[in-house]
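Me: I've got a fold in front of me and I'd like to talk it through. Can you take my questions one at a time?

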Amino acid sequence: MPIIKQLKNLSKELGKKDIWICLHNNRDRNLHNMINLIYRREENIPHKHIDKSEGYHIIEGRMIITIFDDKGTIKDECLLNAADIFLFRIGKNTFHTTVAKTEYCIFHETRSGPFLKDGESIFLIE
């Protein structure tokens, strides 16, 4: 079964939960590749990764990426969709959100590793 179909089926089985499939071998890899499925929701807290950039490639659906300054003011927004603008890169130390604009959005995310659970992401809470 193709990986996208597996992702959709698993998400539905779990009650329409956001879900991702890691394509890298382990958390210690220097490059992380993931296929993500996120659902549209009303709220998403801006966050940043101090030493890591991220790249997004939209596979299905639409997603808006919003960039914020350190005070929470919107600096830029980009609507991504598979039929038009479908690639986007966020530099390190940049507050941002990723929000599905369709029922769900599926995208390929790349980011530098390794994965560090504590202190990797900083959330902007007003």
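What follows is a short back-and-forth on this predicted model.

Me: Let's start simple. In what order do helix and strands come along the sequence?

Reply: The protein has one helix and ten strands. Helix α1 covers residues 3-13. Reading along the sequence, the pattern is α-β-β-β-β-β-β-β-β-β-β.

Me: What radius of gyration does the protein have, and what would a compact globule give?

Reply: The C-alpha trace spans about 45 × 30 × 25 Å along its principal axes. For 126 residues, a compact globule would come out near 14 Å. The protein agrees with that, since its own radius of gyration is 14 Å.

Me: What share of the contacts with a separation of 6 or more comes from residues 24 or more positions apart?

Reply: One place to see such a pairing is K52 and N93, which sit 41 residues apart along the chain with their C-alpha atoms separated by 7.1 Å. Across the protein, residues 24 or more positions apart account for this share of those contacts: 71%.

Me: How much of the exposed surface do carbon and sulfur atoms supply?

Reply: Of the 126 residues, 37% count as buried. The protein exposes about 7900 Å². The part of that area supplied by carbon and sulfur atoms is 51%.

Me: How far apart are the mean positions of the positive and negative charges?

Reply: There are 19 positive and 18 negative charges to place. Take the mean position of each set, and the separation is 4 Å.

Me: Now the strands. Which residue in β9 is the bridge partner of H57?

Reply: Strand β4 (residues 54-60) has β7 (residues 87-90) as an antiparallel partner, joined by four bridges, and there H57 stands opposite L87. β4 also pairs with β9 (residues 104-112), again antiparallel, over six bridges. In that second pairing G55 stands opposite T110. For H57, the partner in β9 is H108.

Me: And which residue of β9 is the bridge partner of H32?

Reply: Strand β2 (residues 31-39) and β9 run antiparallel and pair over nine bridges. Within β9, H32 has as its bridge partner R111.

Me: K52 is a lysine in a loop, so is it buried or exposed?

Reply: K52 lies in the loop between β3 (47-49) and β4. Beyond residues up to four places away in sequence, K52 touches G91, K92, N93, S112, G113, P114, F115, L116 and E120. Its relative accessible area is 11%, and buried means under 20%, so K52 counts as buried.

Me: What about N93, which K52 touches: what is its phi?

Reply: N93 is in the loop between β7 and β8 (95-100). At 40% relative accessibility, N93 counts as partly exposed. Most residues other than glycine have a negative phi. N93 is not a glycine, yet its phi is positive, at about 60°.

Me: Which relative accessible area goes with K16?

Reply: K16 sits in the loop between α1 and β1 (19-22). Its phi is near 60°, a positive value in a residue other than glycine. K16 is partly exposed, because its relative accessible area is 47%.

Me: Last one: what is the relative accessible area of S11?

Reply: S11 lies in helix α1. Leaving aside neighbours within four places in sequence, S11 is in contact with K16, K17, I19, L37 and Y39. S11 is buried, because its relative accessible area is 0%.

Note on methods: Residues numbered from 1 in each chain as written. Predicted model: local features only at pLDDT ≥ 70, side-chain atom pairs only at ≥ 80, totals over all residues. Heavy atoms only, no water. Helix = DSSP H or I, 4+ residues; strand = E, 2+ residues; numbered from the N terminus. Buried < 20%, exposed > 50% of the residue type's maximum accessible area, 1.4 Å probe, protein only. Contact = heavy atoms within 4.5 Å. Rg over C-alpha atoms; globule rule 2.2 N^0.38 Å. Areas by Shrake-Rupley, 256 points an atom, 1.4 Å probe, with all protein chains shown as cover. Lys, Arg positive; Asp, Glu negative; His and termini not counted. Charge placed at Lys NZ, Arg CZ, Asp CG, Glu CD. Pairing = 2+ DSSP bridges.
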